[in-house]
Amino acid sequence: MLVSYRCAELHLQRQPIEDGVPPKWPGGLGIAGLCGLLHDGSEALGLADIVAPVKPAFKDYALAEDRLMRAIAVAFGLPWPMPDYVKQADLELVATEARDVLNGGALWAAARPPLAETITPWAPA
């Protein structure tokens, strides 16, 4: 997963920054990169990683996820809701992971084309 998050960070740093969003977070990482790294922060803080097609079946999950993601955005000084380019980059990375890690990922419908770069998974330790 570290490879994917590094790809997300680099990809998002190439995206145009919307008006009113500062280009750098105080730690030096661009706002776009930080949004990319934290876009699924609710999963790291206790919520399960539920695939998007299943989420609507869990009404309370969506509410909990929204509240937790809003709190993460406030804590890190990020825009809320997160900019659309974060979701677009996530969809591009899903397509890239499906192509490179899942050998085409027939189960994933690509909403965006994959990146030109290739993900090379690390060998097990």
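Me: I'm looking at helix α2, residues 31-38. How many of its eight residues are buried?

Reply: Start by asking how much of a helix is covered. Keep in mind that this is a predicted model. Here, seven of the eight residues in α2 are buried, so the helix is mostly covered, given that buried means under 20% relative accessible area.

Me: Which residues of α2 are the buried ones?

Reply: They're I31, A32, G33, L34, C35, G36 and L38.

Me: Okay, let me zoom out. How many helices and how many strands does the protein have?

Reply: For an overview, count the elements and then read their order. This protein has five helices and zero strands. Going from the N terminus, the order reads α-α-α-α-α.

Me: And what share of the whole protein is buried?

Reply: Of the 125 residues, 33% are buried. You can look at the outside too: the accessible surface is about 8,000 Å², and carbon and sulfur atoms account for 63% of that.

Me: Back to the inside, then. Which residues make up the largest nonpolar core?

Reply: With a core, list the members and then see which elements they come from. This one has 12 residues: I31, A32, L34, C35, L38, M69, I72, A73, L78, M82, Y85 and V86. Helices α2, α4 (59-76) and α5 (84-100) each contribute at least two of them. The largest share, five residues, is from α2.

Me: Now a single residue. Is S42 buried or exposed?

Reply: For one residue, check its relative accessibility against the cut-off. S42 has 1%, and buried means under 20%, so S42 counts as buried.

Me: Where is S42 found, and what does it touch?

Reply: S42 is part of helix α3, which covers residues 41-44. Leaving out residues up to four places away in sequence, S42 touches L47, E65, L68, M69 and I72. You've already met M69 and I72, as both belong to the largest nonpolar core.

Me: What about contacts across the whole protein? What percentage join residues at least 24 apart?

Reply: Here you look at how far apart the partners are in sequence. Taking contacts between residues at least 6 apart, 48% join residues at least 24 apart.

Me: Last one: which residues form a nonpolar patch on the surface?

Reply: That's V51, V54 and F58, and together they have about 230 Å² of accessible area. F58 sits in the loop between α3 and α4.

Me: Why does F58 count as partly exposed?

Reply: Because its relative accessibility is 42%, which lies between the 20% limit for buried and the 50% limit for exposed.

Note on methods. Residues are numbered from 1 along each chain as its sequence is written. This is a predicted model: local features need pLDDT of at least 70, side-chain atom pairs count only at pLDDT 80 or more; totals for chains, interfaces and linings use all residues. Side-chain values use heavy atoms; hydrogens and water are left out. Helices (H or I, at least four residues) and strands (E, at least two) are DSSP runs, numbered from the N terminus. Buried means under 20% relative accessible area, exposed over 50%, partly exposed in between (1.4 Å probe, protein chains only). Contact means heavy atoms within 4.5 Å. Accessible areas come from the Shrake-Rupley method with a 1.4 Å probe; for residues, only the protein chains shown count as cover. A nonpolar core is a set of buried Ala, Val, Leu, Ile, Met, Phe, Trp, Tyr and Cys residues joined through side-chain atoms within 4.5 Å. Patches are made of residues with over 30% relative accessible area and no salt bridge: like charges are joined within 9 Å, nonpolar side chains (Val, Leu, Ile, Met, Phe, Trp, Tyr) within 5 Å. A salt bridge is a side-chain nitrogen of Lys or Arg within 4 Å of a carboxyl oxygen of Asp or Glu.
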